[in-house]
Amino acid sequence: MIHFERALRKHYQETIAMNLSTTRRALGLGLAAIACTFTASAGRAQTTKAEALNIAAYPLTIDVFNRYAAVALEIARMAKNSPAAVEMKGTRDLPLDRQIQHVETSPAVMAVLKAHGISARDLIMTSAAMTAVLTVEMAMQTGAGKNEYNKLDWEASVPDHVKFYDAHKTEMQKFQDD
């Protein structure tokens with residue numbers, strides 16, 4: 001059984017790697033990279049079912065998304081010059097509220113958030129919601145489906161979030177070249 005689980009995990013990771021370009025085209029490399037940074041989508045955006053339900057209840061709006069994207073792109077540019085200023089290492093498996101607290105302790109990140117009129121909570125929750133939607137979409141595209149590694153993303157990716165993503169894909173693609 002352990003061999004099967006390892007093989008399944010390896011297949012799933014390889015499938016995700018092969019379809020990374022799809023994700024990059026969906027939101028743009030810069031934006032997707034920041035989504036991964038803030039919610040550690042290489043792991044998961046939520047650590048419990050309760051967090052997945054909180055993400056599911058979070059209302060996505062294009063106004064907040066555009067602010068989030070502007071912040072994400074600005075922080076990506078800052079990270080090139082001063083990686084320590086926007087350090088997010090060690091947050092991968094933190095609960096979402098701790099990720100929010102971590103962002104709030106970074107003066108550089110908070111200055112960018114303030115300049116764009118977005119809260120640390122909105123930054124993390126928008127990123128978590130979009131990560132869940134993209135993870136589920138990728139799982140469906142690759143045939144991986146719902147499994148042990150993405151089950152919380154399926155809980156967090158609700159029809160309203162999928163509709164939001166589908167309705168605004170074109171607008172989101174404007175960040176692809178930034």
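User: Let's start with α8 and α10. How do their axes cross, and at what angle?

Analyst: To read a helix pair, look at how close the axes come and at the angle between them. In this predicted model, the axes of α8 and α10 come within 11 Å and cross at roughly 95 degrees. Angles of 65 to 115 degrees count as roughly perpendicular, so α8 and α10 are roughly perpendicular to each other.

User: Which residues of α8 and α10 meet?

Analyst: On the α8 side they are Ala129, Met130, Val133, Leu134 and Glu137. Their partners in α10 are His161, Val162, Phe164, Tyr165, Lys169 and Met172.

User: Can we zoom in on valine 133 of α8? What does valine 133 touch?

Analyst: For a single residue, check burial and then contacts. Valine 133 has a relative accessible area of 2%, so it is buried. Not counting residues up to four places away in sequence, valine 133 touches Ser157, His161, Val162 and Tyr165. Here's another way to see the fold bringing chain segments together: valine 133 and proline 159 are 26 residues apart in sequence, and their C-alpha atoms are 9.4 Å apart in space.

User: Ser157 was among those contacts. Where does serine 157 lie, and is it buried or exposed?

Analyst: Serine 157 lies in the loop between α9 and α10. The cut-off for buried is under 20% relative accessible area, so serine 157, at 12%, counts as buried. Leaving aside neighbours within four places in sequence, serine 157 is in contact with Ala132, Val133, Val136 and Val162.

User: What about threonine 131, which polar partner does its side chain have?

Analyst: Threonine 131 is in helix α8, which spans residues 120-142. A relative accessible area of 7% makes threonine 131 buried. A polar atom of its side chain lies 2.7 Å from the backbone oxygen of serine 127.

User: How do I read the sides of a helix, say α4? Which of its residues are buried?

Analyst: Look at where the buried residues point around the axis. In α4, residues 49-57, the buried ones are Glu51, Ala52, Ile55 and Ala56. They cover an arc of only 145 degrees around the axis, so they sit on the same side of α4. On the other side, Ala50 and Ala57 are exposed.

User: What do the buried residues of α4 pack against?

Analyst: They pack against four helices: α6 (96-104), α8, α9 (151-156) and α10 (159-173).

User: Now the aromatic rings. How many aromatic pairs does a search of the whole structure find?

Analyst: Two. For each pair, you'd check the distance between ring centres and the angle between planes. Phenylalanine 65 and tyrosine 68 form a tilted pair, 5.7 Å centre to centre with 50 degrees between the planes. They are three residues apart in helix α5 (residues 62-81), so about one helical turn separates them. Phenylalanine 65 is buried, with a relative accessible area of 1%, and tyrosine 68 counts as buried at 1% relative accessibility. Ring pairs also link Phe65, Tyr68 and Phe164 into a cluster.

User: Stepping back, how many helices and strands are there in the chain?

Analyst: For the big picture, count the elements and then ask how the chain contacts itself. There are 10 helices and zero strands. Of the 178 residues, 42% count as buried. Among contacts with a separation of 6 or more, 78% come from residues 24 or more positions apart.

Conventions: Residues are numbered from 1 along each chain as its sequence is written. This is a predicted model: local features need pLDDT of at least 70, side-chain atom pairs count only at pLDDT 80 or more; totals for chains, interfaces and linings use all residues. Side-chain values use heavy atoms; hydrogens and water are left out. Helices (H or I, at least four residues) and strands (E, at least two) are DSSP runs, numbered from the N terminus. Buried means under 20% relative accessible area, exposed over 50%, partly exposed in between (1.4 Å probe, protein chains only). A polar contact is a pair of N or O atoms within 3.5 Å; within protein, one must be able to donate a hydrogen and the other to accept it, and residues adjacent in sequence count only if both atoms are side-chain atoms. The arc is that of the directions from the helix axis to the C-beta atoms. Contact means heavy atoms within 4.5 Å. Rings of Phe, Tyr and Trp (its six-membered ring) pair if their centres lie within 6.5 Å; planes under 30 degrees apart count as stacked, over 60 as edge-to-face and the rest as tilted. Axes are lines fitted to C-alpha atoms, for helices over the stretch in contact, and angles run from 0 to 180 degrees between N-to-C directions. Angles under 35 degrees count as roughly parallel, over 145 as roughly antiparallel, 65 to 115 as roughly perpendicular and the rest as oblique.
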